[in-house]
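Please work through the exercises below with the sequence and the structure open beside you. Each task is followed by a solution that proceeds in steps.

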Amino acid sequence: MAVSQVEFAQPFVAVDPAFIQSPEHRPNAKHSDFTRDKIPLIDLSPLNSTTTPQPTSLDYLVTQIQAACRDWGFFQVINHGVPLHLLHTLQSETARFFSLPMQEKAKVRRDLEHPLGYYDTEHTKNTRDWKEVFDFSCRGSICLPSNLEVDSNETRPLTNQWPENPPRLREACEKYAEAVEKLSFKLLELISLSLGLPADYFSSNFDDHSSFMRLNHYPACPAPELALGVGRHKDSGVLTVLVQDEVGGLQVRRKDGEWIGVKPIPDSFVINVGDCIQLPWSLKVVFVLFLN
């Protein structure tokens, strides 16, 4: 089958039109200008002390989390307590997996029967993303409703697919996911406190959660001015814990509509507060405005 081409005077490249963003959503170099506004950077070291955090330290963390959730919905964390050797091992094993030939990666390709695994044709807002991914459940499997009937209690288990190569990928994923889950519960406690709620208000409802993890690979693009690794979107869940490598590329939109680049900080995490947590903040803001 012939592939349509988009031509440029200098240089000449060919890109499948499925990847091309509409003009108003194409990448802009200024979005990676890290001299502009920055999302909050929060040091979580008080949570990882061998002794109980001092009340003043905890109160300061809660205040920082409160401002970050209210004003941005994004923040970066350092000294987060996730062992760095787990992160670095996962990064190495991930690179090995995505460097494999396609026929090897395709052995764990996602399909209707197995929605977890490898995939390279994902779309965001009807435009194909310039990436390939590997998805897995943080707890080995996920139980979801098997149909959309309101009165039905039937569930469908989704089970991880693990490749034979690289042989250490599964262990690296599982150990890393366990550590990040612990961090996520700590963050949920801080968010609860920042809303004036008991520390376990959110975390107590996630004993049987359906979290999953995604490994992303963004190959070099011959026309980076036309395509995006992932198009503009919101995360609909509770929290996203994201790692950037030294290349970066993440962009966040401020409340005034301006897009800014998020500077990669080695061994840090970017936290995206999903729609499920943003809702209480939205309601709180509306409530305060109404009272005034």
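## Exercise 1: Aromatic pairs

In this predicted model, a search of the whole structure finds eight aromatic pairs. Task: classify the pair formed by the rings of Phe-97 and Tyr-118, and state which parts the pair ties together.

Solution. Begin with the geometry: the ring centres of Phe-97 and Tyr-118 are 6.0 Å apart and their planes stand at 70 degrees, so the pair is edge-to-face, given that planes over 60 degrees apart fall in that class. Next, locate the residues: Phe-97 belongs to helix α2 (residues 84-98) and Tyr-118 to strand β3 (residues 118-119), so the pair ties together parts that are 21 residues apart in sequence. Finally, both Phe-97 and Tyr-118 are buried.

Task: repeat the analysis for the rings of Phe-134 and Trp-162.

Solution. Here the centres of Phe-134 and Trp-162 lie 5.9 Å apart with the planes at 45 degrees, so this pair is tilted. Because Phe-134 sits in strand β6 (residues 132-137) and Trp-162 in the loop between β8 (155-159) and α4, the pair ties together parts that are 28 residues apart in sequence. Phe-134 counts as buried at 0% relative accessibility, and Trp-162 counts as buried at 17%. As a last step, place these residues in their setting: ring pairs link Phe-97, Phe-98, Tyr-118, Phe-134, Phe-136 and Trp-162 into a cluster.

## Exercise 2: The sheet

Task: give the strand order of the open sheet of four strands, and explain why one side of β1 and of β10 is left without a neighbour in the sheet.

Solution. The order is β1-β2-β13-β10, with mixed pairing. Strands β1 (41-43) and β10 (239-242) stand at the edges and each has a single partner strand, which is why one side of each lacks a neighbour in the sheet. From one strand to the next, the twist averages 30 degrees. Turning to the pairing, β1 and β2 (residues 74-78) run in the parallel sense over three bridges, and Asp-43 has Ile-78 of β2 as its bridge partner. Helix α4 (residues 169-194) packs on the sheet, where it touches β2, β10 and β13 (269-273), and its direction makes about 130 degrees with that of β10.

## Exercise 3: One residue of β2

Task: decide whether Gln-76 is buried or exposed, and describe its surroundings.

Solution. Gln-76, found in strand β2, has a relative accessible area of 5% and is therefore buried. A polar atom of its side chain lies 3.2 Å from the backbone oxygen of Lys-263. Beyond residues up to four places away in sequence, Gln-76 touches several others, among them Ile-39, Leu-41, Val-262, Phe-269 and Val-270.

Definitions and conventions:
Residues are numbered from 1 along each chain as its sequence is written. This is a predicted model: local features need pLDDT of at least 70, side-chain atom pairs count only at pLDDT 80 or more; totals for chains, interfaces and linings use all residues. Side-chain values use heavy atoms; hydrogens and water are left out. Two strands pair if DSSP finds at least two bridges between them. Helices (H or I, at least four residues) and strands (E, at least two) are DSSP runs, numbered from the N terminus. Axes are lines fitted to C-alpha atoms, for helices over the stretch in contact, and angles run from 0 to 180 degrees between N-to-C directions. Contact means heavy atoms within 4.5 Å. Buried means under 20% relative accessible area, exposed over 50%, partly exposed in between (1.4 Å probe, protein chains only). A polar contact is a pair of N or O atoms within 3.5 Å; within protein, one must be able to donate a hydrogen and the other to accept it, and residues adjacent in sequence count only if both atoms are side-chain atoms. Rings of Phe, Tyr and Trp (its six-membered ring) pair if their centres lie within 6.5 Å; planes under 30 degrees apart count as stacked, over 60 as edge-to-face and the rest as tilted.
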